[in-house]
Amino acid sequence: MIAISRTGRLLRRLVRVSCRRPRVTVNLALILAIAGILVTVHGMGFKTSGRDVLPQDAGYVKKYAEYARDFGELEDIVVVVETPSFEAAKAYASRLVQELRASPVKFPRLSYRIDPKRFEGRQLLYLSTEKLREIRDKIFDHQEFMETFANDPSLARLLEGVNVQFAQAFMNNVFDLGIGDEGPADTRFLQVLLEQIEARLDRPTPYLSPWGTLFSFGKEADPDAGYFLSDDKSLLFVLVETPKGDISSFAGDAKAIEVIRGAVTRLRAVFPNIQAGVTGAPVLSNDEMSAAFQDSQVATVLSFVLTLGIMWLAYWRLGKPILMLIVLAVSIAWSLGVVTLTLGHLTIFSVMFISIVVGIGIDYGIYFLFRYEEELFLGRRLNEALEITAARTGPGMLLGALTAGGTFLVLMLTEFRGIQELGYIAGLAIMLSWLAMMTVFPAVLVLVDRRHALRPRDHKPRAHELERIRVPLLEGVTRYPVAVLTVAGALTAASLWALPSVAFDYNLLNLQAKGTESVAWERRILATTGRSGFNGLVAADSLEELSRMQAAFEKLPTVSEVDSVLRLIPEDQPEKIAIIKSFAPLVAPVKIGRGSPVDLEHLTRVVRDLKRRFDVAAAEGGNKLPPELRKLRDMSGALLRRLETIDREVAEPALTHLQAQLYRDFVGKFYSLQRNLQPRPVTLAEVPDELRRKFIGASGHFLLQIHPKVDIWEREGAERFVRELRTVAPDVTGAPIITYEAIRLMERAYVQGTVYAFVLVTALIYLMLRRVRETGLALLPMVIGLLWTFGLMWVFGLKFTLANVWGLPLIIGTAAEFGLNVVMSHLEGREHGGPLVQRSAVMGVSLNAFTTIVGFGSMMVSHHQGILGLGLLLTIGTACALVASLLVLPVVLRLMPQPAPKRAPVPKPAESTSAA
């Protein structure tokens, strides 16, 4: 009898034990599968947060968790409202908040503005200290003019005041002659005033306040003050905090997001001209996980169906292929149960493992079935065929499982938790699928193939049928080694040339499903504001430290804005209050009277005096007179001529209306100044609840949110942003930092995983073959297949991404498995005078490749672009490995010098009985 390796003997015993009581084996397998499904249904969870797949002992992960405990939810759901009309956006936001408050989900915080009325009477505290000093100096210098105009706030009195103050400059630098060392000052106040007077003499025109060019205080709040708007005010943001019990929960987030999107959908009928969408970190994560989960379900069903179709085409029957798929499904149920008990969750990285296992796990059943049926064809009895298959094909199957499963399991040696879990889950599932094919599947074959147990011992196939174990097409191709190797060499050389051109896309948004709402609105925010909706996070122990850190962050080139409680708590409040108290006694007693009626003759005399002063200035200044003053001289002259010729009945009503508008405008601004003369300090106790929850922690620490000015979704922008933030606070955390570190860890993990996979398969193949040359030959398809894969990636424009690059270790394992099976079949044939490569090996490798391609290719129906790219890369890599294994490798094997075949020893009767 043919000598059998120690591994083969162990596997033969395993199959013998499994087949001794086949019904017990099958029933036990089904019971474990049902238990696994029940455990999975009740215990399996899904983690959508990127933090969950990172090393939990990393400083930035610990800090984020610490901030989450201290400040609550750090990442809001964001509803983006886009409309040309601010009033419409405001109405929409108000209605949306009402809808959400009435929903079954209780949101802790819904906000889209901070009401400025909370801080009435303290407006001056929010000005800088320098601006307050400027206001104080203006009031000291022009107290007399202020009191005089307030007593008679008329057009004539206003122009008289300008005339009187001209030499010293109206209201401290309204304008000067422009001849001295200080240079020309602002003349906009008088220019706007003269333009308004002359325009009203011709026709009614919109009022334009001149006080805005003069007063830097007492300004009424803008209508959009306090609203969360983009810089160009085209986007209004509604911030929604996830319910506490649902934080970091896939199901909870999904429910909250569904409620919000439902409200947005209902409001489309009420606000047809408004566009609104939902985004933010929780939504992006939820949408990605939802798409991946749905895609995995479709891909799993599709992979089972297509695999069954491939096997039907190969075997021209469905019975045993269906049984093989059932056994594979049983092993997957085992895997899910073990994963639930040991990990308890899946992530975006591991959710597609079933499709991968279908493509790989079915291989071991195919190898087993092909060799088993070949042994039956050669006249073996049922048990003998099973045991010989286990002894001779089993070691190759085991090595294939160790190779494929090992390429995943070595990922557990990396530092990235998401990749570690993927390696554990996929590696475990592959090894369990091999175990099922070596135990449950033989037991199933015993139950369905009992007729072969009674076959006569001396039954042999006809001589001409023995040729069926050969592969004429393969042997024909190997007769043209020069042509095959020339084409292979040319393709390899072209792939090496294209290799540097294969790019790497680090943008995680490009991995999401096309048309995903959250991605589309995140991109729109980025395009409109020039920054991402994600921000860095750091906490300060005191207001002093908070102020220092905020100032340092604001100076960084990559930072657009810094949010903290300091937006509501002004700096240097004692000093500012002292400045206000210094001029308050001059402003508080001033009472504004009623202006005298418009007197056209009086106004004409005032304008004539003003024109005369400009004429004097022009005579003294000559060519040095600034253009602004020259323009004012011309305007005053034109206005004077207009006043001297206009009809009184036309002029006085128009100017009376203008004077009333100036009066109301001045009264509003001046009284606003007076209302802010006795401010009390703004304290932490007065911070609104919606901001207190966000910026003041339970421990009393203060949170800073640092918004990027650069595109953090691109590697260069993220790297600059993180590097600069760490110059101020080395322990900074937040979504941009976590994403950046995740990318770095994934890069390192993929490199480590690829190297580990190469070392592992090389070691396993060498331990199996114990020959250096044959080990190198078995690895040849892996090397050539990888190079061809890179070349085809360049042809198809496929880039490496953070989702598909981990497919490289899997391609290494698959190609090495193909090469090993071809070399082992060649060695067996060389040892016993068989063909170059046995038909069962060729058909097994071919069918396994096609089923693997089907398993991987099923991922290409995914909407998630990362999963689609992974499926495409693995499909290309498997196809290249197949061609290299069945076309290039056999040619090289034929060219190798072959030792003379050894005659098999005649088996002893005892051995025959034992084998039977």
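# Helix pairs, salt bridges and buried spots

Student: In which helix do Lys-669 and Asp-665 both lie?
Tutor: This is a predicted model, so take what follows as read off computed coordinates. Lys-669 and Asp-665 are 4 residues apart, about one turn of the helix. The stretch they share covers residues 648–675, and that is helix α23.

Student: How far apart are the closest N and O atoms of Lys-669 and Asp-665?
Tutor: Side chains of opposite charge can pair when their charged atoms come close. The cut-off here is a Lys or Arg side-chain nitrogen within 4 Å of an Asp or Glu carboxyl oxygen. Lys-669 and Asp-665 do form a salt bridge, with their closest N and O atoms separated by 2.7 Å.

Student: Are Lys-669 and Asp-665 buried or exposed?
Tutor: The label depends on relative accessible area: under 20% is buried and over 50% is exposed. The two partners get one and the same label, and for both Lys-669 and Asp-665 it is buried.

Student: What about Glu-99 and Arg-95: how many residues apart are they in helix α4?
Tutor: Glu-99 forms a salt bridge with Arg-95, with 3.6 Å between the closest N and O atoms. Glu-99 is partly exposed at 22% relative accessible area, and Arg-95 is partly exposed too, at 31%. Both sit in helix α4 (residues 86–101), about one helical turn from each other, because their spacing in sequence is 4 residues.

Student: Which helix holds Asp-615, the salt-bridge partner of Arg-633?
Tutor: Arg-633 and Asp-615 form a salt bridge whose closest N and O atoms are 2.9 Å apart. Arg-633 lies in helix α22 (residues 627–645) and Asp-615 in another helix, so the pair ties together parts that are 18 residues apart in sequence. Arg-633 is partly exposed at 31%, and Asp-615 is partly exposed at 26%. The helix that holds Asp-615 spans residues 600–621 and is α21.

Student: How many salt bridges does a search of the whole structure find?
Tutor: Some salt bridges link up into a network, and one such network connects Asp-76, Arg-109, Glu-241 and Lys-694. The pairs we went through, including Lys-669 with Asp-665, are salt bridges too. Searching the whole structure gives a count of 32.

Student: Which residues form the negative surface patch?
Tutor: One member, Glu-130, is found in helix α5 (residues 129–141) and counts as exposed because its relative accessibility is 54%. Another member sits in the loop between β9 (559–563) and α20 (573–587). The full set is Glu-130, Glu-554, Glu-571 and Asp-572.

Student: What is the phi of Asp-572, roughly?
Tutor: Asp-572 sits in a loop and counts as partly exposed, because its relative accessibility is 46%. Asp-572 is not a glycine, yet its phi is positive. The angle comes to about 50 degrees.

Student: Why does Lys-576 count as buried, and what is its relative accessible area?
Tutor: Lys-576 is found in helix α20. Beyond its neighbours up to four places away in sequence, Lys-576 touches Leu-125, Leu-127, Ser-128, Thr-129, Leu-132, Pro-570 and Glu-571. The C-alpha atoms of Lys-576 and Tyr-126 are separated by 9.2 Å, with their places 450 residues apart along the chain. Buried means under 20%, and Lys-576 qualifies because its relative accessible area is 6%.

Student: How far apart in space are Leu-798 and Leu-872, C-alpha to C-alpha?
Tutor: Leu-798 has its place in the loop between α27 (772–796) and β12 (800–801), and at 13% relative accessibility it counts as buried. Among the residues Leu-798 touches are Val-502, Met-793, Gly-869, Leu-872 and Ile-876. Leu-798 and Leu-872 are 74 residues apart in sequence, while their C-alpha distance is 8.6 Å.

Student: Is Thr-205 buried or exposed?
Tutor: Thr-205 lies in the loop between α8 (188–202) and β4 (235–240). Neighbours within four places aside, Thr-205 is in contact with Ala-199 and Arg-200. Its relative accessible area is 19%, and the limit is under 20%, so Thr-205 is buried.

Student: Zooming out, what percentage of the protein chain's residues count as buried?
Tutor: The protein chain has 31 helices and 12 strands. Of its contacts between residues at least 6 apart in sequence, 82% join residues at least 24 apart. The accessible surface comes to about 39,800 Å², with 58% of that belonging to carbon and sulfur atoms. Out of 916 residues, the share that counts as buried is 56%.

Conventions: Residues numbered from 1 in each chain as written. Predicted model: local features only at pLDDT ≥ 70, side-chain atom pairs only at ≥ 80, totals over all residues. Heavy atoms only, no water. Helix = DSSP H or I, 4+ residues; strand = E, 2+ residues; numbered from the N terminus. Buried < 20%, exposed > 50% of the residue type's maximum accessible area, 1.4 Å probe, protein only. Contact = heavy atoms within 4.5 Å. Areas by Shrake-Rupley, 256 points an atom, 1.4 Å probe, with all protein chains shown as cover. Patch = residues over 30% accessible without salt bridge, like charges linked within 9 Å, V, L, I, M, F, W, Y side chains within 5 Å. Lys, Arg positive; Asp, Glu negative; His and termini not counted. Charge placed at Lys NZ, Arg CZ, Asp CG, Glu CD.
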